[in-house]
Amino acid sequence: MKRTEFVKLCAKTLREKGFTGRNDNFFRKSDNGVILTVWLHRSFFDNHYYIEFAYSFSELNNRPLSPKYNEADVRCGKI
């Protein structure tokens, strides 16, 4: 599977679940101010793909809607 196919498949699924985003970065903000951000990555070494996700709390630190991975409050790592 090529990277574009992986991103397209994941983007379709994430959008069906209420996420918005662009390229390989998707996010969804809940009513209580929690932002779940999902990044899609391809391994540099093999034909492996990863989904990386993190949570941000907009009321605590006034983050933008799509924070960068290092700006997230809880970084959950890769799946």
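The exercises below, each with a worked solution, concern strand pairing, a nonpolar core and side-chain pairs in this predicted model.

Local features need pLDDT of at least 70 and side-chain atom pairs count only at pLDDT 80 or more, while totals for chains, interfaces and linings use all residues. Residues are numbered from 1 along each chain as its sequence is written, and side-chain values use heavy atoms, with hydrogens and water left out.

**Exercise 1.** Work out how strand S2 pairs with S1 and with S3.

Solution.
- Step 1: take helices (H or I, at least four residues) and strands (E, at least two) as DSSP runs, numbered from the N terminus. S2 covers residues 25-29, and S1 covers residues 20-22.
- Step 2: two strands pair if DSSP finds at least two bridges between them. S1 and S2 are antiparallel over 3 bridges; Thr 20 has Phe 27 in S2 as its bridge partner.
- Step 3: S2 and S3 are also antiparallel, over 5 bridges, with Lys 29 opposite Ile 35 in S3.
- Step 4: look at the turns. The S1-S2 hairpin has 2 residues between its strands, and Asn 23 in the turn has a positive phi of about 55°. In the S2-S3 hairpin 4 residues lie between the strands, and Gly 33 in the turn has a positive phi of about 90°.

**Exercise 2.** Identify which elements supply the largest nonpolar core.

Solution.
- Step 1: collect buried (under 20% relative accessible area; exposed is over 50%, partly exposed in between; 1.4 Å probe, protein chains only) residues. Keep Ala, Val, Leu, Ile, Met, Phe, Trp, Tyr and Cys joined through side-chain atoms within 4.5 Å.
- Step 2: the largest such set has 11 residues, including Phe 6, Leu 14, Phe 26, Leu 40 and Tyr 49.
- Step 3: helix H1 (3-16) and strand S3 (34-42) each supply at least two residues, and H1 gives the most, with 5 residues.
- Step 4: beyond four places in sequence, the contacts (heavy atoms within 4.5 Å) of Phe 6 include Leu 40, Tyr 49 and Ile 51.

**Exercise 3.** Classify the ring pair of Phe 53 and Tyr 55.

Solution.
- Step 1: rings of Phe, Tyr and Trp (its six-membered ring) pair if their centres lie within 6.5 Å; planes under 30 degrees apart are stacked, over 60 edge-to-face, the rest tilted. This rule gives 2 aromatic pairs.
- Step 2: the centres of Phe 53 and Tyr 55 are 6.4 Å apart and the planes are at 85°, so the pair is edge-to-face.
- Step 3: Phe 53 is partly exposed at 22% relative accessible area, and Tyr 55 is partly exposed at 31%.
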